[in-house]
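Colleague: I'd like to go through the labels on this one and hear the reasoning behind them. Can you pull it up?

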Amino acid sequence: MDTTPDSTPPATLNRRAFVGAAGLAGLGLMGASRAQAAPAPSSSSTAASTLFTVPMNSDGEYELPPLPYAYDALEPSIDEETMRLHHDIHFNGYKNGLNKALAKLKDFRSGGDYPEIAYWENQLAFNGAGYNLHVVFFENMAPAGTTSPASSLKKTLDEHFGGMDAFKGQFSAAAKTVQGSGWAILGYQPFGGKLVVLQAEKHQNLTQWGVVPILALDVWEHAYYLKYQNRRGDYIDNWWKVVNWDNVAQRTEAALKG
Ligand code: MN
């Protein structure tokens, strides 16, 4: 997280608590009022709370988090050009779409009139879930060989999935078989206290209410097609080499603590 990326970070960032927003955004329910309900002053930030923060400006609009490593840091698993397009264009587009949907719905409320409400609710769900998952996705990666699963994480995955290999097997199988654009997601299911692997279509479909994403793998074609073309399976196999296991362990621990 100490590598300066090539991108220019937003000038001013208000880091806000993200636990509630993370769970809701996975379900397409993230809204400004909820995200702002529990501000976390930076002076009191802890390692755990930092895992669930997103950058937000003083107007309450979501910002694009800078990439926590260089664009070419994940070569050869993920190529530089894909990372530039994915982070700067696609991720940024979801951020803009989320802010626009929230602004539109605010206008509707103030006017008491709701034209095309279904469209804008759909935009809120799609872009809110997309923004949330991309925050997790980019933080979930690190240069190959820089992290490895800690024994505590292995123990947790063993308890919930019957072993690291079993977990990775289910996760990869889910990722490889997403119909169209979507994700494989390791998430925390708060109502049962369980870790689950979900398959998501688009960003917001096939979820469970309340699940907090911990490890997210983007299998939209924009995530791999430049380098891998139709070979999604090769992309997934090579993506495991750049998983940031420290981030996964921290997110898992924070989620299980509630
Ligand atoms: Mn993506």
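Colleague: Why is Leu 85 called partly exposed?

Modeller: This is a predicted model, so everything here is computed from it. Leu 85 has a relative accessible area of 37%. Buried means under 20% and exposed means over 50%, so with 37% Leu 85 falls in between and gets called partly exposed. Leu 85 is in helix H4, residues 80-111.

Colleague: And what makes Leu 85, Ile 89 and Leu 226 a nonpolar patch?

Modeller: Patch members need over 30% relative accessible area, and nonpolar side chains are joined within 5 Å. Leu 85, at 37%, is over that cut-off, so it can be a member. Together with Ile 89 and Leu 226 it forms a surface patch with about 280 Å² of accessible area.

Colleague: OK, now Met 164. Is it buried or exposed, and how do you know?

Modeller: Its relative accessible area is 16%. The cut-off for buried is under 20%, so Met 164 counts as buried. You'll find it in helix H7, residues 164-176.

Colleague: What does Met 164 touch, leaving aside its neighbours within four places in sequence?

Modeller: Met 164 is in contact with Pro 149, Lys 154, Leu 157 and Trp 245. Pro 149 is 15 residues away along the chain, and the two C-alpha atoms are separated by 9.3 Å. Contact is about heavy atoms within 4.5 Å, so that C-alpha separation doesn't rule it out.

Colleague: How do you know the length of H5 is close to what's expected?

Modeller: H5 covers residues 117-139, which is 23 residues, and reaches 33 Å from first C-alpha to last. The expected span at 1.5 Å a residue is 33 Å, so the two agree closely.

Colleague: Why is H5 described as mostly covered?

Modeller: 18 of its 23 residues are buried. That means each of those 18 has under 20% relative accessible area.

Colleague: Which residues touch the most other members of the largest nonpolar core?

Modeller: Met 141, Phe 167, Phe 171, Tyr 235 and Trp 239, out of 64 residues in that core. H5 gives the most to this core, with nine residues. In soluble globular proteins, nonpolar side chains tend to be buried together.

Colleague: And what does Trp 239 touch, not counting residues up to four places away?

Modeller: Ile 78, Phe 137, Met 141, Phe 171, Leu 215, Ala 216 and Leu 217. Trp 239 is one of the buried residues of helix H9, and the buried residues of H9 pack against H5, H7, strand S5 and helix H8.

Note on methods: Residues are numbered from 1 along each chain as its sequence is written. This is a predicted model: local features need pLDDT of at least 70, side-chain atom pairs count only at pLDDT 80 or more; totals for chains, interfaces and linings use all residues. Side-chain values use heavy atoms; hydrogens and water are left out. Patches are made of residues with over 30% relative accessible area and no salt bridge: like charges are joined within 9 Å, nonpolar side chains (Val, Leu, Ile, Met, Phe, Trp, Tyr) within 5 Å. Accessible areas come from the Shrake-Rupley method with a 1.4 Å probe; for residues, only the protein chains shown count as cover. A salt bridge is a side-chain nitrogen of Lys or Arg within 4 Å of a carboxyl oxygen of Asp or Glu. Helices (H or I, at least four residues) and strands (E, at least two) are DSSP runs, numbered from the N terminus. Buried means under 20% relative accessible area, exposed over 50%, partly exposed in between (1.4 Å probe, protein chains only). A nonpolar core is a set of buried Ala, Val, Leu, Ile, Met, Phe, Trp, Tyr and Cys residues joined through side-chain atoms within 4.5 Å.
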